[in-house]
Amino acid sequence: MSPFQIAAVFFVLAALALVWTFDRQPHTAHLTRICERALAVALVLAFLGDLGAKTADGTFTLARALPMQLCDWALFAISGALWWRWRAGFDVGYFWGLAGTAQALFTPAVASDLPWLRVCGFFFIHAGIVAGVVHLILTPRFRPEWPRSIVRVLIASEIYLATALVINALTGGNYGFLSHKPETRSMLDLFSHTHWLYVLELNVVAWIFFAALYLPWLIADLSRRSTRQKCES
């Protein structure tokens, strides 16, 4: 494993261990809300800190530093869900966080010469998004619902796709890796080199990941419905 992958494993396991430990302890609803909002604030501060670091080292440009990565949008969605118990934010954060952010942790598009503080910030943000999703599932028992959650994430994803394509065209950026594949190895290496087909493949594969992430909940619902029908018959 590369050092970045080792860091990803560490941050994910640490975040999930913290969530698991907290959710197993007896605590008041007030303490739970404080912890949720603390994580939301920490994620936003980490994002702002990264922008500040880019400004300080002269790498802040419209093509590289706008909040236009999919993980940026996932961060805002899950932070809103943590702060306000916002269902729409959870719906979008669940699918984007587990389909996109989790993959970014294990195939990070991070420059090898990036300062260690920014590397830590990258992994903290991405692991924090995943941890926030897991916490909202375990504690307030949030879960994706059919068809509301699927409709929300599909609409949000298409809005992101259109917005990122426009911003990329205006700035020359590569937000969402929609202009070209990342320089580091990833699943995107398997996609077409023809741009329009590459974007289409990204979109379709995202839908497949969303369907796979909803599948366990669909199976649970069908199993529960079958059991209830047997009990009533």
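**Exercise 1. Confidence and overall make-up**

In which helix of the protein is confidence lowest, and in which is it highest? Then describe the helices and the surface of the chain.

*Solution.* Let us start with the ground rules. This is a predicted model, in which local features need pLDDT of at least 70 and side-chain atom pairs count only at pLDDT 80 or more, while totals for chains, interfaces and linings use all residues. Residues are numbered from 1 along each chain as its sequence is written, and side-chain values use heavy atoms, with hydrogens and water left out.

Step 1. Here pLDDT is the predictor's confidence in each residue, from 0 to 100. Confidence is lowest in helix α1 (residues 3-24), with a mean of 62, and highest in helix α6 (residues 148-171), at 97. Where pLDDT is low, the predicted coordinates should not be read in detail. Across the protein the average pLDDT is 87, and 88% of the residues score at least 70.

Step 2. The protein has 7 helices and 0 strands (helices are DSSP runs of H or I with at least four residues, strands are runs of E with at least two, and both are numbered from the N terminus).

Step 3. Of the 233 residues, 39% are buried (buried means under 20% relative accessible area, exposed over 50%, and partly exposed in between, with a 1.4 Å probe and protein chains only). The protein exposes about 12,900 Å², and carbon and sulfur atoms supply 71% of that area (Shrake-Rupley method, 1.4 Å probe; for residues, only the protein chains shown count as cover).

Step 4. Among contacts with a separation of 6 or more, 73% are between residues 24 or more positions apart (contact means heavy atoms within 4.5 Å).

**Exercise 2. Helix α2 and the nonpolar patch**

How far does α2 reach from its first C-alpha to its last, and which residues make the nonpolar surface patch?

*Solution.* Step 1. Helix α2 has 28 residues and spans 40 Å, close to the 40 Å expected at 1.5 Å a residue (the expected span is 1.5 Å times one less than the number of residues). Gly58 follows α2 and has a positive phi, near 80 degrees.

Step 2. The buried residues of α2 include Ala40, Leu43, Phe47 and Leu51.

Step 3. On the surface, Val41, Leu45, Leu48, Trp83, Trp84 and Trp86 make a nonpolar patch of about 650 Å² (patches take residues with over 30% relative accessible area and no salt bridge, joining like charges within 9 Å and nonpolar side chains, namely Val, Leu, Ile, Met, Phe, Trp and Tyr, within 5 Å). α2 gives the most to the patch, with 3 residues, and α2 (29-56) and α3 (70-84) each supply at least two.

Step 4. Trp86 sits in the loop between α3 and α4 (87-106) and is partly exposed, at 45% relative accessibility. Arg85 lies in the loop between α3 and α4 too, and its phi is positive, near 55 degrees, although Arg85 is not a glycine.

**Exercise 3. Salt bridges**

How many salt bridges are there, and which parts does the pair of Arg143 and Asp221 tie together?

*Solution.* Step 1. The count comes to 10 salt bridges (a side-chain nitrogen of Lys or Arg within 4 Å of a carboxyl oxygen of Asp or Glu).

Step 2. Begin inside one helix. Glu36 pairs with Arg33, their closest N and O atoms being 2.3 Å apart. The two lie in helix α2, 3 residues apart, about one turn of the helix, and both are buried.

Step 3. Now go further along the chain. Asp91 bridges to Arg148, with the closest N and O atoms 3.6 Å apart. This pair links distant parts of the chain, with Asp91 in helix α4, Arg148 in helix α6, and their positions 57 residues apart. Asp91 is buried at 1% relative accessible area, whereas Arg148 is partly exposed at 33%.

Step 4. Arg143 and Asp221 meet in a salt bridge of 2.8 Å, N to O. Arg143 lies in the loop between α5 and α6 and Asp221 in helix α7, so the pair ties together parts 78 residues apart in sequence. Arg143 is buried, with a relative accessible area of 13%, and Asp221 counts as buried at 16%.

Step 5. Finally, salt bridges that share partners join Asp50, Lys54, Asp57 and Arg118 into one network.
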